[in-house]
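Got a few minutes to go through some side-chain contacts? Here is the model to look at.

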Amino acid sequence: MHKNLFRHILLFACIFALSGCGIIDMIYLPPAEDTAQEVFEAANDAMSEKNYVRAVELYNKLRDTYPFSPYTIDAELSLADAYYLDEEYILAAETYKDFESLHPRHDAIPYVLYQTGMSLLKQFRSIDRATTELQEAYDCFDRLRQTFPDSPYSKSAGEHMLTCRKLMAEHELYIADVFWHMKKYGPAWHRYEYVAEAFNDVPEVADHAKEKSLSAYHKYREEQSREVREKREGSWRQWFTWL
């Protein structure tokens, strides 16, 4: 009788101890990490919902936590897309460049070059700003057309190359106009000449620059003649004053 009671008590104690371990685990142990697939799917869901900030967070988590996962390469490209769609064009350009550097033979490289160019082009704000990004965008589009002429992105890249050139030409024309309005006709003349010669593939800007170049040249010559005349007259005045 007593032996049976003791056995029941011992069995109950063991069951309690085992269940207690489970309870302790639930309370104190950290939750299991999501798998790479789960993180990737959650990031894609965030992209579908246009929650790009959350998508960026999840794609970065996948890249950092599971660098050797079969989902990681796709996550790296999707990360760049998330930045682009969120209009974070500087980060997008950097991430697309990183992807090309890490995976130069990937099938998506034509798309990556195109998106890199677009990210750089969209950083341009006004013709009174530097055109470094425009030149870099032009080079990306040009490399795409040269390397992957049969790509579906090639035609659009060519159109964007013309846009880049037009904006660069307008920037140079703006600088020439600044010299003109400051009445610095010599620098204005040289800048208009440069625009007309360097951007003959943008005829509407080049033709205008040629016209302005002639006007600036005539004003510059008039200015020089006046300076020579004033200098000569000044010398005569000094001579008569000495007499």
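What follows is a short round of questions and answers on aromatic pairs and salt bridges in this predicted model.

Q: Is the pair of tyrosine 111 and tyrosine 153 stacked, tilted or edge-to-face?
A: Stacked needs planes under 30 degrees apart and edge-to-face needs over 60. Here the angle between the planes is 55 degrees, with 5.7 Å centre to centre. That angle fits neither of those two classes, so the pair of tyrosine 111 and tyrosine 153 counts as tilted.

Q: How many residues apart in sequence are the parts that tyrosine 111 and tyrosine 153 tie together?
A: Tyrosine 111 belongs to helix H6 (residues 109-121). Tyrosine 153 is in the loop between helix H7 (132-147) and helix H8 (154-181), so the pair links parts whose separation in sequence is 42 residues.

Q: What kind of aromatic pair do tyrosine 194 and phenylalanine 199 form?
A: Their ring centres are 6.2 Å apart, and the cut-off for a pair is 6.5 Å. The planes sit at 90 degrees, and over 60 is what the class requires, so this one is edge-to-face.

Q: Is phenylalanine 199 buried or exposed?
A: The cut-off for buried is under 20% relative accessible area. Its partner tyrosine 194 comes in at 39%, which makes tyrosine 194 partly exposed. Phenylalanine 199 has just 4%, so phenylalanine 199 is buried.

Q: Which residue has its charged end over the ring of tryptophan 180?
A: For a charge to sit over a ring, the limit on distance from the ring centre is 6 Å. The charged end in question is 3.9 Å from the centre of the tryptophan 180 ring, and it belongs to lysine 212.

Q: Which helix holds both arginine 54 and glutamate 57?
A: The side chains of these two meet in a salt bridge, 2.9 Å from N to O. They are three residues apart, about one turn of the helix, and that helix (residues 52-65) is H3.

Q: In which helix does lysine 97, the salt-bridge partner of glutamate 136, lie?
A: The glutamate 136 and lysine 97 side chains meet at 2.6 Å, N to O. Glutamate 136 sits in helix H7, and the pair ties together parts 39 residues apart in sequence, with lysine 97 in helix H5.

Q: What is the distance between the closest N and O atoms of glutamate 100 and arginine 143?
A: Glutamate 100 is in helix H5 and arginine 143 in helix H7, so this salt bridge joins parts 43 residues apart in sequence. Arginine 143 is partly exposed, at 38% relative accessible area. The closest N and O atoms of the two are separated by 2.8 Å.

Definitions and conventions:
Residues are numbered from 1 along each chain as its sequence is written. This is a predicted model: local features need pLDDT of at least 70, side-chain atom pairs count only at pLDDT 80 or more; totals for chains, interfaces and linings use all residues. Side-chain values use heavy atoms; hydrogens and water are left out. Rings of Phe, Tyr and Trp (its six-membered ring) pair if their centres lie within 6.5 Å; planes under 30 degrees apart count as stacked, over 60 as edge-to-face and the rest as tilted. Helices (H or I, at least four residues) and strands (E, at least two) are DSSP runs, numbered from the N terminus. Buried means under 20% relative accessible area, exposed over 50%, partly exposed in between (1.4 Å probe, protein chains only). A charge sits over a ring if NZ of Lys or CZ of Arg is within 6 Å of the ring centre and within 35 degrees of the ring normal. A salt bridge is a side-chain nitrogen of Lys or Arg within 4 Å of a carboxyl oxygen of Asp or Glu.
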